[in-house]
Amino acid sequence: ETTVNAYTGDVRARHEADLGFRLGGKLIERRVDVGASVRRGQVLARLDPQDAALNARAAAAQRAAAETDRTLAQAEYDRALGLKAKNFISDSVLDARRSALEAATSRLQQARAQADLAANQSGYTTLAADRDGVVTAILAEPGQVVAAGQSIARIAQPGAREVLIHAPERRIAGLQVGAAAQ
């Protein structure tokens, strides 16, 4: 006589990924529902791009201002070099102009990096599938304000499956990896 033990559990994909935006914002569109098959690169959802576009424009303006400041600092340093050659200014004045030029150069590098980052973030308002799969969960709805990294959709890859079974502790010792189950 064979004893049958019945347990509850879930069958799920072995490989799942929660996908979210790299920046926060208002979700304005969701293009998939639970159960939808998606292809790598397919757009799943979009954030309102207005804030990211404004940040990119502000960063570009800061870069332009930093370029102007750097040009002015360079001109003042060059002028100070000429005056120092004629002994019209002291070494400390020349050093101050050199320091101002170095600071303006550093601010320009920082402004360029910020502008590049803001331009990249403008592209982060679209969430695309990073793999082929099936949508197993939707975790946000249009109109909702989401945080950076917050999960929007869960994608399961087709293929390998796992079974999660809830067995009582007193039965664990009787279960072995690789044992036949139905």
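In this predicted model, the largest pocket comes out at about 600 Å³. Its lining counts 17 residues, and those closest to the pocket centre are Tyr7, Ile165, Leu175, Ala180 and Ala181. Sorted by class, the lining splits into 11 nonpolar and 6 polar residues, with no charged residues. As for how such space gets found, rolling a probe the size of a water molecule over the atoms shows where empty space is left.

Next come the helices. α1 (50-85) has 36 residues, which at 1.5 Å a residue should span 52 Å; the end C-alpha atoms of α1 sit 53 Å apart, which agrees. α2 (91-122) tells a similar story: its 32 residues reach 47 Å from first C-alpha to last, close to the 46 Å expected at 1.5 Å a residue. On α1, the buried residues are Ala52, Ala56, Ala59, Ala66, Ala73, Tyr77 and Ala80, and the buried residues of this helix pack against α2. On the α2 side, Leu94, Leu101, Ala104, Leu108, Ala111, Ala115 and Ala118 are buried, and what covers them includes α1.

The loop between α1 and α2 holds a couple of residues worth a look. Asparagine 87 lies in this loop, just after α1, and takes a positive phi of about 60°. That is a positive value in a residue other than glycine. With a relative accessible area of 62%, asparagine 87 counts as exposed, because the cut-off for that label is over 50%. Serine 90 belongs to the same loop between α1 and α2, but its relative accessible area is 35%, so serine 90 is partly exposed. Looking back along the chain, serine 90 and alanine 80 are 10 residues apart in sequence, and their C-alpha atoms are 9.5 Å apart in space. Alanine 80 itself is one of the buried residues of α1.

On to the strands. One open sheet of 4 strands runs in the order β2-β9-β7-β4, with antiparallel pairing. β2 (16-20) and β4 (37-38) stand at the edges with a single partner strand each, so one side of each is left without a neighbour in the sheet. For β4, 2 bridges make the antiparallel link to β7 (residues 133-138). Valine 38 stands opposite glycine 133 of β7.

Another open sheet of 4 strands has the order β6-β5-β3-β8, and its pairing is antiparallel too. Here β6 and β8 (145-146) are the edge strands, each pairing on one side only. Strand β5 (residues 43-47) is joined to β6 by 3 bridges, the two running antiparallel. Strand β3 (residues 25-30) is likewise joined to β5 by 3 bridges, again antiparallel. Individual residue pairs fill in the picture: alanine 45 stands opposite leucine 127 in β6, while arginine 46 stands opposite threonine 126 of that strand. Arginine 46, in β5, is also the bridge partner of glutamate 29. As a rule, in a regular strand the side chains alternate between the two faces of the sheet.

Right by this sheet's edge strand comes threonine 125, placed in the loop between α2 and β6 (126-128). Threonine 125 has a relative accessibility of 6%, so it counts as buried, the cut-off being under 20%. Leaving aside residues up to four places away in sequence, threonine 125 touches Phe21, Leu23, Ala45, Arg46, Leu47, Asp48, Pro49 and Ala52. Two of these contacts have already come up in the sheet: Ala45, the partner of leucine 127, and Arg46, the partner of threonine 126. Ala52, also touched by threonine 125, is among the buried residues of α1.

Finally, valine 177 is found in the segment after α3 (169-172). Its relative accessible area of 90% makes valine 177 exposed. Valine 177 and isoleucine 155 are 22 residues apart along the chain, and 28 Å separates their C-alpha atoms.

How values were computed
Residues are numbered from 1 along each chain as its sequence is written. This is a predicted model: local features need pLDDT of at least 70, side-chain atom pairs count only at pLDDT 80 or more; totals for chains, interfaces and linings use all residues. Side-chain values use heavy atoms; hydrogens and water are left out. On a 1 Å grid over the protein atoms alone, a cavity is a set of points where a 1.4 Å probe fits but cannot get out, and a pocket is an open set with protein on both sides within 12 Å along at least five of seven lines; lining residues have an atom within 4 Å of a point. Grid points are joined across faces, edges and corners, and a volume is the space filled by probe spheres set on the points. Ala, Val, Leu, Ile, Met, Phe, Trp, Tyr, Cys and Pro count as nonpolar, Asp, Glu, Lys and Arg as charged, and the others, Gly among them, as polar. Buried means under 20% relative accessible area, exposed over 50%, partly exposed in between (1.4 Å probe, protein chains only). Contact means heavy atoms within 4.5 Å. Two strands pair if DSSP finds at least two bridges between them. The expected span of a helix is 1.5 Å times one less than its number of residues.
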